[in-house]
Every structure is written in structure tokens, then in C-alpha cells.
Amino acid sequence: MKRFYSLLLTLFFLACTKSGKPEKPKNLISKNKMEAILFDLYVVSGAKGVNKKLLETKGFEPETYVLTKHNIDSLQFAESNAYYAFDSDNYKSMIENVKSRIEKEKKKLEDEEKELDKIEQRKKDSIKAVRKRKNDSIHKVHKNFPDSTLIKKNKSPFTSKKN
């Protein structure tokens, strides 16, 4: 992984020292695919920041996963990234597209979470309503039975007082 970052950093420095635009790589990643890769890298980077220990214990290497997912190698990514990064306006628009996509995904997940919370709240409310009806019905049945204090005193509410 350190080699990946070292290679990326080296390519950025090399790209900056050249007087002109870097040559277009033979295996240049398309702009759309590059945006998808950057999106995945940002998401994985965010996940790594949240729970790095869990990822490490599971042996999950986020950057390797992203490169494998998109069927590219680190050199191809680094060269393509350096090529796109040279044109800062173009690269900025790519990053803005990635940022926009992240915001859309975030909003979508937040909406889904709100919907799940509503469903959970409806379940709780329905359980509460069932319990209340059960308690109310027990209370009604209890009212229809003789008073237990009268039974203990050998008095029945159903017998006449003429004893």
C-alpha cells in the first residue's frame, strides 16, 4: 500500500516538473471510469477513517479492493490520475462530479434510514396499542367479576342482604 502512495506521489512530482502536459498514457482510464474509481476511493477512505482496526483485522485492503473492482493496476491509475490532474479545471470538474455523487448517495442513505426509523416507530406504536387493548380488556373483565374484598369477607354481591 505504501508503494501505491509512493508511486502516486512520485508521478505527481514528475508531472509537476515537466514543462508541458504529460503524454497521454497508452492505457488511459476513461473520464467516467476515473470518476467512478475516485468515488470508490473516497468512500473506502471514509470507511477506513471510521473503523480502521476492523478493516485491518479482517485483512481488507481498501485501495487494492477498488483497483481490483475496476480491473486496473496501480500504475495505470497513477498515470491516468497524473494525466487528468495536469488540467486542473478538468480535474476539478471531475472531483465536483464525484462530490455531487457522494452527496446524492448520502441523501439517499439518509432517506432510507428515516424510512426505516418510521417503520420501526410504527411497529413500536402498534405493539403499544396491542398491549393497551390487552390491558383494557383485562380491566373490563376484572370489573365484571365480584369484588374480591367482598368474597374474602364471605359476602357475595350476588346474594341478597336478607340473610
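**Salt bridges and a buried helix face**

Mentor: By the usual rule (a side-chain nitrogen of Lys or Arg within 4 Å of a carboxyl oxygen of Asp or Glu), the count comes to 3 salt bridges. Keep in mind that this is a predicted model, where local features need pLDDT of at least 70, side-chain atom pairs count only at pLDDT 80 or more, and totals for chains, interfaces and linings use all residues. Residues are numbered from 1 along each chain as its sequence is written, and side-chain values use heavy atoms, with hydrogens and water left out.

Trainee: What makes Lys69 and Asp40 a salt bridge?

Mentor: Their closest N and O atoms are 3.0 Å apart, and the cut-off is within 4 Å, so the pair qualifies. Lys69 sits in helix H4 and Asp40 in helix H2 (residues 31-50), so the bridge ties together parts 29 residues apart in sequence. Helices here are DSSP runs (H or I, at least four residues), numbered from the N terminus.

Trainee: Why is Asp40 called buried?

Mentor: Buried means under 20% relative accessible area, exposed over 50%, and partly exposed in between (1.4 Å probe, protein chains only). Asp40 has 11% relative accessibility, so it counts as buried. Lys69, at 48%, is partly exposed.

Trainee: How do you know that the buried residues of H4 line one face?

Mentor: In H4 (residues 62-69), Pro62, Glu63, Val66 and Leu67 are buried. Seen down the axis of H4, they fall within an arc of 130°, so they line one face of the helix. That arc is taken from the directions from the helix axis to the C-beta atoms.

Terms used: Helices (H or I, at least four residues) and strands (E, at least two) are DSSP runs, numbered from the N terminus.
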